[in-house]
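Please open the model in your viewer and keep the sequence panel at hand, since this tour moves from one selection to the next.

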Amino acid sequence: MHETLTFTTTSSSSSSDDDKKTTKPEDPITNNFPPTMLQHSLSVGGGGGGQAKPPARKKLSVIALSRQLRSALALGRARTRGPSSHLGSKVVGTLFGHRRGHVRFAFQEDFKAGPAFLVELATPTSVLVKEMASGLVRIALECDKKIEKKGLVVTRILDEPVWRTYCNGKKCGYALRRECGPDEWKVLNAVGPISMGAGVLPGSESDGEMMYMRAKFERVVGSKDSEAFYMMNPDGNGGPELSIYLLRV
């Protein structure tokens, strides 16, 4: 007995017609990705062997990757404006305040970064301006040293919330650490890339004009409980000297 083997073939036109009938509507999400990626995620295994189809898993992985990239970009933008946790040996210092208000002082790694240290002094702006006219101003900020307990993270000196203030040896109330809000950013952005100088910005009728002074400062770290900032005078013209000391005692 002889067995007769028969082979059946199908035309490409019928196969393409079947594909057209079974093709699913286009996915609006996957249309945003390159064709090579779509071929990878939408390919269907042949042979009719009941193999599992991978498109769903591939599409999910692509979508998850795109979400991670968007989150990373958003985090990068937030860090640009947020407070900087690092200060080098050369920093940007900005002193500003309304003529009839209190003085605020900010230290930044550069003028685009958020302030790593921002405090509001109890000293009126007009009083500090008079002190600086004398040519030498030394501001000391003191806070109490806390007892260190095992296993607890020690607060950085730049993160201390409350300070006792002394200006040229005279007690001047307290200084409070501040977050950089819209009002502070308005001044810092207005001063912009100025590396050194002083001036006046428009203010309100009640508080008066906004006075500011910006300069480069040298930062010296004595220990975890002491830091000092010395205003740098690049041209050596004998201008005012300003020093700020942070001490935990």
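Select F229 to begin: with a relative accessible area of 0%, F229 is buried, a word used here for under 20% relative accessible area, computed with a 1.4 Å probe on protein chains only, whereas over 50% would be exposed and values in between partly exposed. The model is predicted, so local features need pLDDT of at least 70 and side-chain atom pairs count only at pLDDT 80 or more, while totals for chains, interfaces and linings use all residues. Residues are numbered from 1 along each chain as its sequence is written, and side-chain values use heavy atoms, with hydrogens and water left out.

Next, add F107, which at 1% relative accessibility also counts as buried. The ring centres of F107 and F229 lie 4.0 Å apart with their planes at 15 degrees, so this pair is stacked; rings of Phe, Tyr and Trp (its six-membered ring) pair if their centres lie within 6.5 Å, and planes under 30 degrees apart count as stacked, over 60 as edge-to-face and the rest as tilted. This pair links distant parts of the chain, for F107 sits in strand β2 and F229 in strand β9 (residues 226-231), 122 residues apart. Strands here are DSSP runs (E, at least two residues), numbered from the N terminus.

Now widen the view, because the structure holds seven aromatic pairs. One of them joins F105 and F217 edge-to-face, at 5.8 Å centre to centre and 85 degrees between the planes. F105 lies in strand β2 (residues 102-108) and F217 in strand β8 (residues 208-223), 112 residues apart. F105 is buried at 4% relative accessibility, and F217 is buried at 1%.

Finally, select F105, F107, F117, W163, F217 and F229 together, which ring pairs link into a cluster.

How values were computed: Helix = DSSP H or I, 4+ residues; strand = E, 2+ residues; numbered from the N terminus.
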